Each structure stands twice: as C-alpha cells, then as structure tokens.
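User: I am new to this structure and would like to learn how to read it step by step. Could you take me through it, giving the general idea before each case?

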Amino acid sequence: MPEGHTIHRLAAAFDAGFAGQRVRLSSPQGRFETEARRLDGQVLLDVEAVGKHLLLALGPEANLDPLAGSPAVSFVHVHLGLYGSWTFAGDEGFAAAHAIGAPRRRVGETEHAVDDGDAEAGDWRRIVPRETVRLRITGAHGLADLTGPTACEVYDAEQRAALLARLGPDPLRADADPERLFDRVRRSRTGIGALLMNQDVIAGVGNIYRAEALFRARLDPFVPGRDLSRGMVEGIWEDLVPLLAYGARTGRIVTTEPEHRDIEARIIERSRGTRQNGDEDPGVVPREKSFYVYHRHTLPCRLCGTIVRSADVAGRTVFWCPRCQSVRTRRAPWSREHDASAWAYAD
Ligand SMILES: [Zn+2]
C-alpha cells in the first residue's frame with residue numbers, strides 16, 4: 001500500500017498537471033459513471049493530500065474558494081488501498097508542468113516514467129483506457145487514469161471536514177497538530193507499533209515508516225503507548241517529518257544514515273513491497289541499503305548483528321531488532337548519556 005509520501009506526490013502531480021483547468025471526467029469501468037457525468041467539465045480548484053487520502057476539489061467556476069463551504073464545490077475522494085494506482089500520460093507541456101520530475105505513468109506502490117513508445121507527445125489523447133479504469137481525468141495537456149482504488153466517491157464540504165477531523169496529524173501537512181498524536185498515544189494501552197499504523201492516530205505512516213521510525217527511536221514495537229514519555233513520542237514525530245519529506249521529494253523511502261548503508265546491505269525480496277519509484281536509477285540509494293529492519297527479518301541488524309525479527313501486528317508484519325529496540329522506559333532515548341540508570345534492556 002502506498003504510504004503518505006506517495007499521495008502527496010500525487011497531489012503535486014495533479015496540481016501541476018490539472019489545477020485551474022476545466023477537466024473531463026469519465027468512468028470507462030462504469031462504477032463512477034453517475035458522479036463523473038455530474039462533474040464532467042468542471043474546474044479542478046484544488047488538490048489536497050491528507051495521510052493516504054487524496055481530495056480533488058471541483059466546481060463550476062474557477063473563482064470559487066474550495067474551502068469556503070460552497071455547496072457548488074465537490075470533492076472527489078480517492079483512497080488507493082492495496083491495489084489502487086494512478087497512471088499519467090500527456091504531452092510535453094504536461095511533462096513540463098510536473099513539479100516532481102519526470103512524468104509518471106503509474107503512481108502507486110511503484111512509479112514508472114513515461115516510456116517513449118507508449119505516450120509520445122501528442123499521442124496521449126489516443127490512449128484507450130483499460131476497461132478497469134474507474135475514473136479518467138483529462139486536462140488540456142494530459143490525462144490520469146485511476147484503477148483499483150479502495151474508495152472513489154464524491155464528498156461535500158462537510159464530509160471533507162469530517163475526514164480531516166477523524167484522521168490523526170499528517171507529518172507532511174503544514175497544518176498538522178502533533179498534540180493529537182501525543183495525546184492519543186499516551187492514553188493508549190495499545191503497542192506503539194500498532195498505534196503508528198492507525199490512521200486516526202497519525203495519518204500517512206505505513207508499514208515501512210512504522211518499522212523504520214521505531215528502529216530509529218530504538219523502541220520496542222510492543223511497548224504500550226501509555227508507557228512512553230512525551231519526549232519519546234515527540235522524537236518519533238520529529239523524526240518522521242523529514243523522513244516523509246524526503247519520500248515526498250524523491251518518491252523513495254530511505255531511513256538509513258549514510259554510514260550504515262554498506263553494512264549488511266541486504267534485503268529479503270519476497271514481495272513487491274520493497275520496490276520503490278526509481279529503483280532502476282543508478283543515482284539512488286538502492287533498496288537493500290535503504291532500511292534498517294523493513295524486510296530484513298532473518299538478516300543481521302546493521303548496527304548490532306542480532307537477527308532482525310518479524311511478527312504480525314494488526315494484520316501487517318512488523319520488523320524489529322530485539323537488541324537495538326529494547327527501550328521500555330519512560331525516558332527519552334537521548335537522555336541515555338545523562339542517566340544510564342533510566343535504561344532497561346529486556347532480555
Ligand atoms: Zn540491532
């Protein structure tokens with residue numbers, strides 16, 4: 001499942017490719033046909049990502065304020081879930097409009113650059129949608145096809161507000177309120193590993209960021225939220241903000257510090273989950289060097305050599321190093337030098 005950084009990249013792609021334009025909407029698959037017909041020809045007023053949710057604001061006139069509560073404004077709400085993806089194609093103007101680098105034909109778990117044979121300049125209007133396309137959005141310079149989403153529906157302003165009110169803070173949003181995260185975690189008996197995957201607690205963190213942020217905090221994933229100090233939860237948040245920002249900028253999750261990347265540079269390639277945008281580019285940090293514990297179960301920890309473990313938590317696999325991640329006290333990790341007695345290592 002794409003994590004929050006991918007949805008923010010998608011929002012940037014929509015903003016650059018379609019914002020302010022009258023767009024055509026259609027549903028080749030038919031399951032969004034009534035809604036697409038109603039919104040067809042409206043102006044894309046705004047694009048917004050919150051956690052793993054994408055919201056496209058549409059209205060009849062370009063001068064409408066999408067957040068003023070006007071009943072004329074509708075929000076197409078998309079959640080990709082496990083199998084959803086967006087495919088983009090367009091002309092050179094569309095490509096140039098991308099604020100995030102080369103145009104991508106598919107943005108989901110992985111992204112692929114436009115390949116020359118398929119979508120040459122001017123050709124994109126002739127691309128016949130696959131019959132599984134739930135929603136096609138066509139602008140002046142390109143198109144976007146949505147397939148396989150968990151949710152594709154129309155919200156009004158109230159429903160948009162309710163979604164934002166339900167979700168926890170998103171580390172990539174300027175208006176994020178981390179106090180909500182601190183409160184929720186410190187009132188919960190649930191393990192921090194499960195809490196970080198709960199989108200109502202923190203929005204946008206998925207399985208990779210969860211595993212890696214806990215390693216970086218040296219935190220045992222099974223420690224109940226209420227056993228953590230405020231400083232520890234603040235530390236997780238302050239670590240996640242730049243990690244997700246890097247992901248949003250590059251399309252890649254990289255959580256290792258440079259000095260650790262060549263140590264035990266291996267990964268268990270068992271699913272598509274380890275593949276990321278740009279894996280083929282020679283300049284990127286390769287995925288076997290990108291993570292401390294994610295998909296590294298049965299391999300030695302980069303820092304201590306202990307075998308990395310995995311377990312199922314709330315339906316998703318959590319990965320951790322039982323030696324490095326043994327923090328179970330209320331003291332923040334950075335207090336270690338000053339007060340060694342506050343540290344307890346579980347054996
Ligand atoms: Zn370790």
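Analyst: What follows is a short guided reading, moving from the whole chain to single residues. Please keep in mind throughout that this is a predicted model.

User: How many helices and strands does the protein have, and what share of its residues counts as buried?

Analyst: A first reading usually begins with the overall make-up. The protein has 8 helices and 12 strands, and of its 347 residues 54% count as buried. The surface that the protein exposes amounts to about 15,200 Å², with carbon and sulfur atoms supplying 48% of it. One can also ask how far along the chain the contacts reach: among those between residues at least 6 apart in sequence, 63% join residues at least 24 apart.

User: Let me turn to one helix: is α7 mostly covered or mostly open?

Analyst: The general idea is that an α-helix has 3.6 residues a turn, so residues three or four places apart point the same way. In this structure helix α7, which spans residues 207–216, is mostly covered, since 9 of its 10 residues are buried. The buried ones are N207, I208, Y209, R210, A211, E212, A213, L214 and F215.

User: Which elements do the buried residues of α7 pack against, and which residue with a positive phi follows the helix?

Analyst: Those buried residues pack against the helices α1 (4–18), α6 (192–195) and α8 (230–250), and also against the strands β11 (309–313) and β12 (316–320). After α7 comes R218, whose phi is positive, near 60°.

User: How should I read the way α7 and α8 cross, and at what angle do their axes do so?

Analyst: For a pair of helices, one looks at the distance between the axes, the angle and the handedness. The axes of α7 and α8 come within 10 Å and cross at roughly 135°. That angle makes α7 oblique to α8, because angles over 145 degrees would be needed for roughly antiparallel. The crossing of these two helices is right-handed. On the α7 side Y209, A213 and R216 take part, and they meet I236, D239, L240, L243, L244 and G247 of α8.

User: Which residues make the contact between α5 and α8, and what is the angle between the axes there?

Analyst: Helix α5 covers residues 178–186, and its axis comes within 10 Å of that of α8, the two crossing at roughly 130°. α5 and α8 are therefore oblique to each other, and α5 passes α8 in a right-handed crossing. The contact is made by P178, E179, L181, F182, V185 and R186 of α5, together with R230, V233, E234 and W237 of α8.

User: Now for a loop residue: is Q199 buried or exposed, and which residues does it contact?

Analyst: Being in a loop does not settle the matter, so the accessibility has to be read for the residue itself. Q199 lies in the loop between α6 and α7, and it counts as buried because its relative accessibility is 15%, where the cut-off is under 20%. Leaving aside neighbours within four places in sequence, Q199 is in contact with K52, L167, G168, G204 and V205.

User: Finally, where does UniProt place the FPG-type domain, and what surrounds W320?

Analyst: An annotation from a record can be set beside the computed geometry. The unreviewed UniProt entry places "domain: FPG-type" at residues 292–326; over that stretch the chain is 0% helix and 29% strand, and its end C-alpha atoms are 15 Å apart. W320 is found in strand β12 and is buried, with a relative accessible area of 6%. Apart from neighbours within four places in sequence, the contacts of W320 are P221, F222, V293, V308, R309, S310, A311 and Q325. W320 and R296 are 24 residues apart in sequence and 8.7 Å apart in space, C-alpha to C-alpha.

Note on methods
Residues are numbered from 1 along each chain as its sequence is written. This is a predicted model: local features need pLDDT of at least 70, side-chain atom pairs count only at pLDDT 80 or more; totals for chains, interfaces and linings use all residues. Side-chain values use heavy atoms; hydrogens and water are left out. Buried means under 20% relative accessible area, exposed over 50%, partly exposed in between (1.4 Å probe, protein chains only). Helices (H or I, at least four residues) and strands (E, at least two) are DSSP runs, numbered from the N terminus. Contact means heavy atoms within 4.5 Å. UniProt positions are given in the numbering used here, feature names are shortened, and annotations may be inferred rather than shown by experiment. Accessible areas come from the Shrake-Rupley method with a 1.4 Å probe; for residues, only the protein chains shown count as cover. Axes are lines fitted to C-alpha atoms, for helices over the stretch in contact, and angles run from 0 to 180 degrees between N-to-C directions. Angles under 35 degrees count as roughly parallel, over 145 as roughly antiparallel, 65 to 115 as roughly perpendicular and the rest as oblique. A crossing is left-handed if the near helix is turned anticlockwise from the far one by less than a right angle, and right-handed if clockwise.
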